[in-house]
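Here is a quick look through one protein model, taken a topic at a time. Have the sequence and the structure open as you read.

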Amino acid sequence: MVADTAIKTQIKKLIDLQKIDGEIYNLRKDLQEKPEIIRAITEEFENNKKKLKELDDQLKTILLKRKERELELKTKEEGILKANGQLSLLKTNKEYSTKLQEIEGLKADKSLVEEQILVSYDESDKAMAEIEQEKKKVAEFEKTFAIKKKTIDDEIRNLDERVKSLENERKELLPGIDKNYLSRYEKILDHKDGLAITAIHGSNCGGCFMNVTTQMLNNIRLNEGLVFCEMCTRILYLEDNL
Ligand SMILES: [Zn+2]
């Protein structure tokens, strides 16, 4: 049987260890979230760049189509000139009026193409304005992205350093702790969200809030060994029993 003072000393040491381990647990959780934050802002940046590329492609398509229309317009104009030139060579009224009809048709086609070209200018103006806006957005994002990324990298470095320093503090505590208690404590720590030992609040376990029986309270006060929560298996202690 471990003496009263010995068990109380062990519990106090485990409480000290828990303070360190609790902080390490939270720091590691923070650390785990950082890559996800970087991934999210990288994705947002990539989406902005993708949108800019899409707008560029849209503009290229508009310009390409316009070039086709302009060629078409030229063909129509040449057709009109040619048909006009043929008018004086025609011998019959029927041929003449057929040619006139042909010219009217070409003129109608021509104004349709001209209309399409005008619309295309509106479209390209709109696309260029959007591209300008998106370019500004991408440039702005590029600047803030670098800053955000650096901030997170700095945070990661700070967290890492703090974890290392806590791990050193932890190492110094270990020699004073009973091997069996330590091994039990560490198993619980791994499986119970970084909380292995907890005070009883009122008559409830501070870890799972389950009601602690009078028998268990009595066992704690006997100071004969560690007492575990029947529900969550965490080590229990009473503040006024230390
Ligand atoms: Zn519990």
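## F141 and its partner

F141 counts as buried, because its relative accessibility comes out at 9%, under the 20% cut-off. This is a predicted model, so take the numbers here as computed from it. F45 is buried too, with a relative accessible area of 6%.

How many aromatic pairs does the structure hold? There are two of them. In one, the ring centres of F45 and F141 sit 5.3 Å apart with the planes at 5°, so this pair is stacked. F45 belongs to helix α1 (residues 4–87) and F141 to helix α2 (residues 93–173), so the pair ties together parts of the chain that are 96 residues apart in sequence. Add F145 to F45 and F141 and you have one aromatic cluster.

## I24, another buried spot on α1

Helix α1 is also home to I24. Is I24 buried or exposed? I24 is buried: its relative accessible area is 5%, and anything under 20% counts as such.

So who does I24 touch, once residues up to four places away in sequence are set aside? Its contacts are V163, L166, E167 and R170. I131 is another matter: from I24 to I131 is 107 residues in sequence, and the C-alpha atoms are 48 Å apart in space.

## The fold from end to end

The protein chain has four helices and four strands. Start at the N terminus and the elements read α-α-α-β-β-α-β-β.

Now for the overall dimensions. The C-alpha trace spans about 130 × 35 × 25 Å along its principal axes. The radius of gyration is 41 Å, whereas a compact globule of 242 residues would be near 18 Å.

## Contacts, surface and charge

Of the 242 residues in the protein chain, 31% are buried. Take the contacts between residues at least 6 apart in sequence, and 71% of them join residues at least 24 apart. The F45–F141 pair, as noted, bridges parts 96 residues apart.

On the outside, the protein chain exposes about 16,000 Å², with carbon and sulfur atoms supplying 54% of that area. As for charge, there are 44 positive and 48 negative side chains. Where do the two sets lie relative to each other? Their centres are 2 Å apart.

Note on methods: Residues numbered from 1 in each chain as written. Predicted model: local features only at pLDDT ≥ 70, side-chain atom pairs only at ≥ 80, totals over all residues. Heavy atoms only, no water. Helix = DSSP H or I, 4+ residues; strand = E, 2+ residues; numbered from the N terminus. Rg over C-alpha atoms; globule rule 2.2 N^0.38 Å. Buried < 20%, exposed > 50% of the residue type's maximum accessible area, 1.4 Å probe, protein only. Contact = heavy atoms within 4.5 Å. Areas by Shrake-Rupley, 256 points an atom, 1.4 Å probe, with all protein chains shown as cover. Lys, Arg positive; Asp, Glu negative; His and termini not counted. Charge placed at Lys NZ, Arg CZ, Asp CG, Glu CD. Phe/Tyr/Trp six-rings, centres within 6.5 Å; stacked < 30°, edge-to-face > 60°.
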